[in-house]
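Open the model in a viewer and keep the selection tool at hand. The stops below are meant to be taken in order.

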Amino acid sequence: MCDARRAANWPSIMRVEDVLTLDRVLPVMKSTGKRAALEELARLIAGSRGAELRKEIERVLANRERLASTAIGEEVAIPHGKLDAIGSLVLGVGRSPRGLDFESVDGKLTRLFFVLVGPDRSTGD
């Protein structure tokens, strides 16, 4: 943060590198369907933190997906959810070179996934 902003007491700015690490980037997803993609993205976010957390992340993402598809069009989806066990906001990125049917609003296959999971105390939905 620049000194002028710090001096003016501006709120801290979250940067991508604060929530995304290299171990949460998946250049080639293996999934061929929506359910499998959510499982793969949950594994990506959970990392080595255990099967129980992975299952909870998968459940949260699937529940959100049931409300409406998070595929926003132009081959992009932003699956997201809230889970206190995660501790702080976590971002993962997955890429499906073949593309997946993720029920996108424009009917196109989805190739790029930005998955966000944060604690319940996070703002927004």
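Select Ser31 and the residues around it. Beyond the residues up to four places away in sequence, Ser31 touches Ala36, Ala37, Glu40, Arg98 and Leu100. The model is a predicted one. Ser31 belongs to the loop between strand S1 (25–26) and helix H3 (34–46). Its relative accessible area is 5%, so Ser31 is buried. Now show the backbone of Ala36: its oxygen lies 3.1 Å from a polar atom of the Ser31 side chain.

Step back along the chain to S1 and display strand S5 beside it. S1 and S5 run parallel and are joined by two bridges. To find one of the pairings, select Val25, whose bridge partner in S5 is Val93.

Stay on S5 and colour it by accessibility. How many of its eleven residues are buried? Eight are, so S5 is largely enclosed by the rest of the structure.

Next, add S6. S5 and S6 pair in the antiparallel sense, over seven bridges. Val90 is a useful place to look, since its bridge partner in S6 is Val117.

Within strand S6, select Thr110. Is Thr110 buried or exposed? With a relative accessibility of 0%, Thr110 counts as buried. Expand the selection to its contacts, leaving aside neighbours within four places in sequence: they are Ala71, Glu75, Val76, Ala77, Ser96, Gly99, Leu100, Phe102 and Ser104. Leu100 is in that list and also touches Ser31, the residue of the opening stop.

Phe102, another contact of Thr110, is the next selection. Show the aromatic side chains throughout the model: a search of the whole structure finds one aromatic pair. The pair is formed by Phe102 and Phe113 in an edge-to-face arrangement, with 5.0 Å from centre to centre and 80° between the planes. Phe102 lies in the loop between strand S5 (90–100) and strand S6 (110–118), while Phe113 is in strand S6, so the pair ties together parts that are eleven residues apart in sequence. Phe102 has 0% relative accessibility and counts as buried. Phe113 is also buried, with a relative accessible area of 0%.

Keep the ring of Phe102 in view and add Lys34. What sits over this ring? It is the charged end of Lys34, 5.0 Å from the ring centre.

Follow the loop between S5 and S6 to Gly107. Here the relative accessibility is 65%, and Gly107 counts as exposed. Phe102, in the loop between S5 and S6 as well, is buried. For a distance check, pick the C-alpha atoms of Gly107 and Glu74: they are separated by 9.2 Å, and the two residues are 33 apart along the chain.

The last stop is helix H4, residues 51–67. This helix has 17 residues and reaches 25 Å from its first C-alpha to its last, close to the 24 Å expected at 1.5 Å a residue. Select the buried residues of H4, which are Leu53, Ile57, Glu58, Val60, Leu61, Ala62 and Glu65. Which elements cover them? The cover includes H3, strand S2 (71–73), strand S4 (80–82) and S6. S6 is the strand that pairs with S5, and Thr110 is found in S6 too.

Key. Residues numbered from 1 in each chain as written. Predicted model: local features only at pLDDT ≥ 70, side-chain atom pairs only at ≥ 80, totals over all residues. Heavy atoms only, no water. Phe/Tyr/Trp six-rings, centres within 6.5 Å; stacked < 30°, edge-to-face > 60°. Helix = DSSP H or I, 4+ residues; strand = E, 2+ residues; numbered from the N terminus. Buried < 20%, exposed > 50% of the residue type's maximum accessible area, 1.4 Å probe, protein only. Lys NZ or Arg CZ within 6 Å of the ring centre and 35° of its normal. Polar contact = N/O pair within 3.5 Å; in protein donor to acceptor, adjacent residues only side chain to side chain. Contact = heavy atoms within 4.5 Å. Expected span 1.5 Å × (residues − 1). Pairing = 2+ DSSP bridges.
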